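Reader: I should be grateful for a close account of the hollow spaces in this model and of the residues that line them. Please add whatever local backbone and surface features can be set beside them.

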Amino acid sequence: MKIETIAIHAGNHPDKASGTVIQPITLSTTFTRDQNGEYPSGHIYSRSSNPNRASLEKVLTQLEGGVDAAAFSSGNAAGMAVFQSLQPGTHIILPDDMYHGLRNQVKNLFAGILEFDFVDVNDEVVLQQHIKANTGVIWIETPSNPLLKLTDIKKVVNIAHAKGIMVVCDNTFATPICQQPLLLGADLVMHSSTKYFGGHSDLMGGALITAEKSDWWQKIRQVQEMGGAIPSPADCYYLVRSLKTLPYRVRGHVHNAQRLAEFLEQHPKIEQVMYPGLALHPQHELASAQMSLYGGMLSFLINGGQPEASKVINALKLFTQATSLGGVESLIEHRALIEGPDTKTPFNLLRVSVGLEHIDDLIEDMKQALDSF
């Protein structure tokens, strides 16, 4: 099936008894046994599995071209499940430009348990230099948050697999509509379902999708079940509903992001635009090779510093100043202030989640904000 059909049908299991067209929400926390003590429905206890979560995991599996998926209560919970599944003392390599929530999680919660290095994973020499005998995972995030740096997935996979190392790719910015890392050789894909999967800034969730039901995957499944950081049946239901429109929503985000990036690129008050769909992006060729679409996120540098960036944000009317991304509304934030004192993000950088408003209105709003100082 094409991805639009998968999005609509893979996660929907109508109830035969009632004749519902759309699968209902199953709130029960426990499920009946038969006369032999077995579970005919396949579900025992909702922490282990639930019909709505099973449907969500099925559609996510097919969207990413994997063999199984595990849904979590947040993107951070999904990332933590990966780290918790590793043996103490395992070394992991992570990108130097990485979502700060997971970066801080590794630094603050896994120090002394796991070994880790934050490096430029795009530099093959640097990457090879940091691989150790106990390296178990290379984590990549492409495009990255917030600098929109790309990682050559196939290149990293080839380096990692030659040494028996697993590759995990955070695909949140791209979504499977723009990029499918498992098909490029990655072992595991991670998503913050809160973002484009939910798509309306009103759901929280996370997900892992695997290319193989390996022993490592079974450990991750154990963390999911025993740790219990799972989404509720209602959250799963609404995520499945939102995923039905994902292919069309993402195309709208991409169209608007491309147009806005082209406008900003020509504006005299903009120092640099970071969007892989621009021909001048230093990794545009790589983006064209491994992505089918360029995504709905962009960042740009204002001529000046933090004061000028703040003036732009405060002058905007349609772009909401808020932390998150992937919703139908356009969001903007001064990223360095969000990330804290150890940020490497320039203080004149603004990150934009381009929404689904009419692009002419978004460009006009950005123009008046830039012209206001």
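Author: The lining of the second largest pocket comprises 4 nonpolar, 2 polar and 7 charged residues. The model is a predicted one, and the volume computed for this second largest pocket is about 210 Å³. Its lining has 13 residues, and those closest to the pocket centre are D96, D97, R103, D342 and K344.

Two of these names return in an enclosed space. D96 and D97 also belong to the lining of the largest cavity, together with P95, V119, D120, V121, N122, E141, S144, K149 and T151. That cavity holds about 50 Å³ of space. Sorted by class, its lining consists of 3 nonpolar, 3 polar and 5 charged residues. D96 and D97 are thus named both among the residues closest to the centre of the second largest pocket and in the lining of the largest cavity.

The model has 2 cavities of 30 Å³ or more. The second largest cavity has a volume of about 30 Å³, and the residues along its wall are P143, L148, F173, A174, M291, Y294, G295, G296 and M297. In this lining 7 residues are nonpolar and 2 are polar, while no charged residue is present. The lining of the largest cavity, by contrast, includes 5 charged residues.

P143 deserves a further remark. This proline, part of the wall of the second largest cavity, is joined to T142 by a cis peptide bond with omega near -5°. P143 sits in the loop between strand 4 (135–141) and helix 6 (153–161). A cis bond is also found between N145 and P146, where omega is about 10°. P146 likewise lies in the loop between strand 4 and helix 6.

The largest pocket has a volume of about 380 Å³. Its lining is made up of 21 residues, with N76, Y99, S192, K195 and L325 nearest the centre. Helix 3 (75–84) and strand 6 (188–192) are the elements that each supply two or more residues to this lining. By class, 6 of the lining residues are nonpolar, 10 are polar and 5 are charged.

Two serines with positive phi may be described next. S324 is not a glycine, yet its phi is positive, at about 150°. S324 is located in the loop between strand 10 (320–321) and strand 11 (331–334). S201, also a residue other than glycine, has a positive phi near 60°. The position of S201 is in the loop between strand 6 and strand 7 (206–210). With a relative accessible area of 45%, S201 is classed as partly exposed, because that class covers values between 20% and 50%.

Finally, the surface carries a nonpolar patch of about 280 Å², formed by I25, L27 and Y238. Y238 is part of helix 9 (residues 233–243). The relative accessibility of Y238 is 32%, and therefore this tyrosine counts as partly exposed.

Definitions and conventions. Residues are numbered from 1 along each chain as its sequence is written. This is a predicted model: local features need pLDDT of at least 70, side-chain atom pairs count only at pLDDT 80 or more; totals for chains, interfaces and linings use all residues. Side-chain values use heavy atoms; hydrogens and water are left out. On a 1 Å grid over the protein atoms alone, a cavity is a set of points where a 1.4 Å probe fits but cannot get out, and a pocket is an open set with protein on both sides within 12 Å along at least five of seven lines; lining residues have an atom within 4 Å of a point. Grid points are joined across faces, edges and corners, and a volume is the space filled by probe spheres set on the points. Ala, Val, Leu, Ile, Met, Phe, Trp, Tyr, Cys and Pro count as nonpolar, Asp, Glu, Lys and Arg as charged, and the others, Gly among them, as polar. Helices (H or I, at least four residues) and strands (E, at least two) are DSSP runs, numbered from the N terminus. Patches are made of residues with over 30% relative accessible area and no salt bridge: like charges are joined within 9 Å, nonpolar side chains (Val, Leu, Ile, Met, Phe, Trp, Tyr) within 5 Å. Accessible areas come from the Shrake-Rupley method with a 1.4 Å probe; for residues, only the protein chains shown count as cover. A salt bridge is a side-chain nitrogen of Lys or Arg within 4 Å of a carboxyl oxygen of Asp or Glu. Buried means under 20% relative accessible area, exposed over 50%, partly exposed in between (1.4 Å probe, protein chains only).
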